[in-house]
Amino acid sequence: MVRLEKGKFDDFIRSLAEDYIVYAAVTAGGKSSFKVVASAGEIDEGRLLTDRSPKEIFFPHSEVLFEYDGDGIRETKKAAKPIAVWGLRGCDVKSLAMLDKVFGTARQMPDNEMFEDPYWKRKYDNSLIFGLACNEPRSTCFCNWLGGGPHSEDASDIFVIDTGEAFLMQPVSDKGKAFIGKMTDAAGASAAGASVAKASGADEKKAAELASGARAMMAEPPALDGLDEKLKGIFHEDIWEEMSAKCVNCGACAFVCSTCHCFDVQDEGKGGKGKRIRIWDSCMFPIFTREASGHNPRHLSSDRFKQRVMHKYSYFVDNYGESLCTGCGRCVIVCPVGVDIREVIKRVLSFEGKGAR
Amino acid sequence: MSNTYIPVNMRVETIAVEDKEKALRTFDLVFVDEADGKRFTYMPGQFCEFSLLGKGESPFGIASSPTEAGILRFTVNRTGSVTNEIHYLREGDTVGIRGPLGNWYPVEKFKGGNVVIIGGGFAFTTLRSLIVYMLEHRQDYGDLTVIYGARNPDLFLYKDELAQWQKRDDLTLHLTIDKPVEGWTGMTGFVPAVVRELAPSTENAWVVVCGPPIMIKFTLPVLTELKFPDSRVYTSLERRMKCGIGKCGRCNIGSKYICIDGPVFSMEELGEIPETP
């Protein structure tokens, strides 16, 4: 673990920006999201959770797949530098790792490039992720329901703890170790322009205190074992209508969700010239599955609500071995009608009607 | 790495109009770049994303058989904005193709068995691919029985080919239309009823059913009635689809994506999925 004094944070970000496109939490017009920064002053350092999820760094809301004109198709160019993300909370780090399972891998035909997503891979594969510990989780956080925690290092390259005066950096992945190694190497440090010191015993103690303090702030989670099977067992029950009754299918939950990855593909152009783009979409919308014939396999609002819950806590488990939810709580915060996914999970777990297993 | 979102260029070689209302057209395409053609190997039951720049993409089952070298065939029903544009294509035009996508009918498993193929309407495309493939490898299979239904005689696809198949003694073809029409010598009645009437033998048999959802819905119980085990009945499903590679999230039934886990599923597999296909 190394220690970066806050006074040197700006030097650190500036030197990082020489080798990487650096993304960090930025608040503008009252809304926060991850944006490209060149200096520490632009960063909303204490931001616990950005309003928009950081998935857009690697999977933008709207992304050009290619451009075309009379001469044919031109693929969009790869950025010259790799991406570094500073200050991703544990839940968001984990969500990127989940999305990497979808975009970065070929589930059906392993090692078949055709089933990998090149737009995701060229950004995510050589990225450097700085996870940032949450010292004060908020009431909507439920990462600890899903195997996470406020000080979880999972999937970070470098895990950072903010002690108030300094950032303590713990290398986690090989990439992270190499980076920190370079920083602590004397020549490398002077080149990087930001010197770090080895963390002291007092630093380590402080980190442990912050971790246990943050954990204590979160309520004991319910056991989610068997949630997947339970959901399958009650697929045809009326409980879905009850749980989704107030949902207006606005899709805000999917928009802010750090793991929702559904998208639409559209052509934008005129007169033989234009671009093919992909754009976020949501299973909450009726046209998501409506076919040209008019047939819609999920024509009821409750069908769509059920799809979102099933995808997160059952289907993704079938395909990738974990839930497609990190407990960031953004959906709980933005839902205009107060649907709380935690209450939905609890209702499902306590359901004892017909079909419950 | 290769970019699967980029379609390869194909030229429209021939266009055939299938019905009097011109709602069904069959397009034979050839690869503009021969190297693309060499890379493109497929099996009956697979599909492609058919791309028109500026208009979009739509998925279609491949109607040609891999044994028919040099061309890819698609039959397109005019229903939405993309299919409408496809119908405006002329011979010589260039289109984009992404694929082959999805899995295929288990022709290896079928070897040595009798195969019953049940089709309805313009969903006959990949069934044609399968039939042509099996006829080309005729010695690998036992009895081939095809039951094909359409609303009226005009709505059968590939009419010339059906006429040729009727003359063959190594394939039994039953054509049926919904209601009697003057001059019609084939069978009359909906596919499920015709299947019940013909009652194909279950002995060492495999069944492939492909058609509109309503036909599949009523044919499957008949097959169960006739004692075909779910593990030997296959169907091909459709859903609205975009990426075709299991990323965009819209074509799932339960935890299966039609585009990468399907489109071909056995009834046994579908039975394990809570969502109705």
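In this predicted model, helix α5 of chain B, residues 159-167, lies across two strands, β8 (144-150) and β9 (172-177) of chain B. The helix runs at about 135° to β9(B). Helix α7 of chain B, residues 213-225, also packs on the sheet. Helix α7(B) touches β7 (114-120), β11 (205-210) and β12 of chain B. Its direction makes about 160° with that of β11(B).

The sheet itself is open and has 7 strands. Their order in chain B is β10-β9-β8-β7-β11-β12-β15, with mixed pairing. β10 (187-188) and β15 (264-266) of chain B stand at the edges. Each has a single partner strand, so one side of each is left without a neighbour in the sheet. For β15(B), antiparallel pairing with β12(B), residues 233-236, is made through 3 bridges. B:Ser236 has B:Val264 of β15(B) as its bridge partner.

Chain B also meets chain A. The contact involves 42 residues of chain B and 45 residues of chain A. Between them the two chains bury about 3,800 Å², of which 56% is on carbon and sulfur atoms. There are 28 residue pairs in polar contact between the chains, counting pairs with both residues at pLDDT 80 or more. The side of chain B that touches chain A draws at least two residues from each of β3 (47-52), β4 (56-61) and β6 (94-101) of chain B. β6(B) gives the largest share, 3 residues. By type, this side of chain B comprises 15 nonpolar, 17 polar and 10 charged residues. Salt bridges between chain B and chain A number 5. B:Arg250 forms a salt bridge with A:Asp281, with the closest N and O atoms 2.9 Å apart.

Key:
Residues numbered from 1 in each chain as written. Chains lettered and ligands numbered in written order. Predicted model: local features only at pLDDT ≥ 70, side-chain atom pairs only at ≥ 80, totals over all residues. Heavy atoms only, no water. Contact = heavy atoms within 4.5 Å. Buried area = accessible area lost by both parts, 1.4 Å probe. Salt bridge = Lys/Arg side-chain N within 4 Å of Asp/Glu carboxyl O. Polar contact = N/O pair within 3.5 Å; in protein donor to acceptor, adjacent residues only side chain to side chain. Helix = DSSP H or I, 4+ residues; strand = E, 2+ residues; numbered from the N terminus. Nonpolar A, V, L, I, M, F, W, Y, C, P; charged D, E, K, R; others polar. Pairing = 2+ DSSP bridges. Axes fitted to C-alpha atoms, helices over the stretch in contact; angles between N-to-C directions.
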